[in-house]
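Hi everyone, thanks for coming along. I'd like to walk you through one protein model today, so please have a look at it on the screen before I start.

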Amino acid sequence: MRRITRIATVGVASAALALSATACGGKTSSEAGSDGGAKAAIAYDIGGRGDQSFNDAAYAGLAKAEKDLDINGSEAEPSDGESDADKVQRLTELARSGNNPVIGVGFAYAPAIKKVAPKFPKTTFGIIDDSSVTAKNIANMVFNEEQGSYLAGVAAAKVTKTKTVGFIGGVETPLIKKFEAGYAQGVKDTDPSVKVLPQYLTQPPNFDGFSKPDLGKAAAQGQLDKNADVVYSAAGLAGSGAIEAVSKAKKWNIGVDSDQYNQAGLANYKESILTSVTKDVTDAVFNLIKSVKDGKPQSGEIRYGLDKNGVALSTSNPAFTDMKDVIAAVDKAKQDIIDGKITVKTAP
């Protein structure tokens, strides 16, 4: 697998075309197009690979495709404070190099895909967490994050001893507010006496709330100081800072996107990670790559909810599975959502 280094500005396009990959072969992105065989690429969201969360889940899907489908994979990293023009440049280079599909990890790629996809009609472009940009060659992979978050709220309300729980959102966007909405509803439906403390790290267009662990750490400490003993963080790489703070306070974390209990980079804090709201980004990426290789590329909205296990609550921590009453409450809520007995809000 080839990993393309961060592209700093669109003004250095000629240099960007010659950037060396940082892993798996060390070839440039242009050279990747000269190899034989099918090729697929992912362009990471803020924080990049190594966030122990959203981007790492996408990487796992690409790695699975390399192993199971004999795909040559390429990865492209974002740069801090980049513009839509930088994303356009990145996606254009990946498509020119013969990658198909080209997948933008995160809603921030929507404007770039809208510009690039028409120029490469035979290339499938995937975008995760956005359905606003549509075309025959665009696959919109979206999730019912509010449903998984509702289950997290049920668990939080059942385990809290202080009757106070926290929510940390990386950036206050409609997507992250879905996490907050589901979580708060799950808490209140389970125990109306439990207080929910919501907090966002940054406001658009400042997206540091997805990439700076110190911000998450400070926010979590503030919530701990207000007596929260369960903190759910939907903040990408910044969430790792929150997990550290909560772990050191010996309180409960709820992770997000990936099963963070099993993330190597969070191993020192895993015992504090009660559960995680997972999104099956891994299979979404893999399924899109497979559809292209099979000659039947996915297109349009592809939705993953509780009914398809596209979102879920992880059960890797034995301490969580030992809480039989909590597990029973979560399982009942899950079935009620699937059966339509509970409709989960998508905004607070």
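**A walk through the model**

Let me begin with one lysine: setting aside its neighbours within four places in sequence, Lys-87 is in contact with Glu-82, Ala-108, Tyr-109 and Ala-112. Lys-87 sits in helix H4, which covers residues 84-96. Is this lysine buried or exposed? With a relative accessible area of 9%, Lys-87 falls under the 20% cut-off, so it counts as buried.

Now, the wider picture. What you see is a predicted model. The mean pLDDT of the protein is 90, and 90% of the residues reach 70 or more. Please keep one stretch in mind, though: over residues 5-35 pLDDT stays under 50, and for that stretch the model has 63 contacts beyond four places in sequence.

The protein has 348 residues, and 58% of them count as buried. Twelve helices and 13 strands make up its list of elements. If you take the contacts with a separation of 6 or more, 67% of them are between residues 24 or more positions apart.

Let's turn to helix H3, residues 54-69. How far apart should its ends be? At 1.5 Å a residue, its 16 residues should span 22 Å, and the end C-alpha atoms are 22 Å apart, so the two values agree. The buried residues of H3 are Phe-54, Asn-55, Asp-56, Ala-57, Ala-58, Gly-61, Leu-62, Ala-65 and Leu-69. As a reminder, an α-helix has 3.6 residues a turn, so residues three or four places apart point the same way. And what covers those buried residues of H3? Strands E2 (39-43), E3 (72-76), E5 (125-128), E10 (252-257) and E11 (273-279) are among the elements that do, along with helix H10 (281-293).

Just after H3 comes Asp-70, in the loop between H3 and E3. Its phi is positive, about 60 degrees, although Asp-70 is not a glycine. With 61% relative accessible area, over the 50% cut-off, Asp-70 is therefore exposed. There is another residue of this kind: Lys-163 is not a glycine either, and its phi is also positive, near 60 degrees. You'll find Lys-163 in the loop between helix H6 (145-159) and strand E7 (164-171), and at 39% relative accessibility Lys-163 counts as partly exposed.

While we are on backbone details, here are two cis peptide bonds. One joins Asn-100 and Pro-101, with omega about 10 degrees, and Pro-101 is in the loop between H4 and strand E4 (102-104). The other runs from Pro-204 to Pro-205, with omega near 10 degrees. Pro-204 belongs to the loop between strand E8 (195-202) and helix H8 (213-225), and Pro-205 lies in that loop between E8 and H8 too. Pro-204 is partly exposed, with a relative accessible area of 40%. Which residues does Pro-204 contact, leaving aside neighbours within four places in sequence? They are Val-171, Glu-172 and Thr-173. Glu-172 is 32 residues away along the chain, yet its C-alpha atom is separated from that of Pro-204 by 7.0 Å.

Finally, the empty spaces. Rolling a probe the size of a water molecule over the atoms shows where empty space is left. The largest pocket has a volume of about 410 Å³. It is lined by 23 residues, and the closest to its centre are Ile-46, Ser-79, Gly-81, Glu-82 and Phe-207. That lining has nine nonpolar, six polar and eight charged residues. You may remember Glu-82 as one of the contacts of Lys-87.

The second largest pocket has a volume of about 170 Å³. Its lining includes Phe-107, Asp-129, Asp-130, Thr-173 and Arg-303. Strand E6 (138-143) and helix H7 (174-190) each supply at least two residues of this lining, and the largest share, three residues, comes from H7. By class, five are nonpolar, two polar and five charged.

And is there anything closed off? The count comes to one cavity of 30 Å³ or more, with about 200 Å³ of space in it. Of its 20 lining residues, the closest to the centre are Asp-45, Phe-54, Ile-176, Phe-210 and Asp-257. H3, H7 and E10 each give two or more residues to this lining, with H7 giving the most, three. The lining divides into eleven nonpolar, four polar and five charged residues.

That's my tour, and I'm happy to go back to any part of it. Thank you!

Conventions
Residues are numbered from 1 along each chain as its sequence is written. This is a predicted model: local features need pLDDT of at least 70, side-chain atom pairs count only at pLDDT 80 or more; totals for chains, interfaces and linings use all residues. Side-chain values use heavy atoms; hydrogens and water are left out. pLDDT is the predictor's confidence in each residue, from 0 to 100. Contact means heavy atoms within 4.5 Å. On a 1 Å grid over the protein atoms alone, a cavity is a set of points where a 1.4 Å probe fits but cannot get out, and a pocket is an open set with protein on both sides within 12 Å along at least five of seven lines; lining residues have an atom within 4 Å of a point. Grid points are joined across faces, edges and corners, and a volume is the space filled by probe spheres set on the points. Ala, Val, Leu, Ile, Met, Phe, Trp, Tyr, Cys and Pro count as nonpolar, Asp, Glu, Lys and Arg as charged, and the others, Gly among them, as polar. Helices (H or I, at least four residues) and strands (E, at least two) are DSSP runs, numbered from the N terminus. The expected span of a helix is 1.5 Å times one less than its number of residues. Buried means under 20% relative accessible area, exposed over 50%, partly exposed in between (1.4 Å probe, protein chains only).
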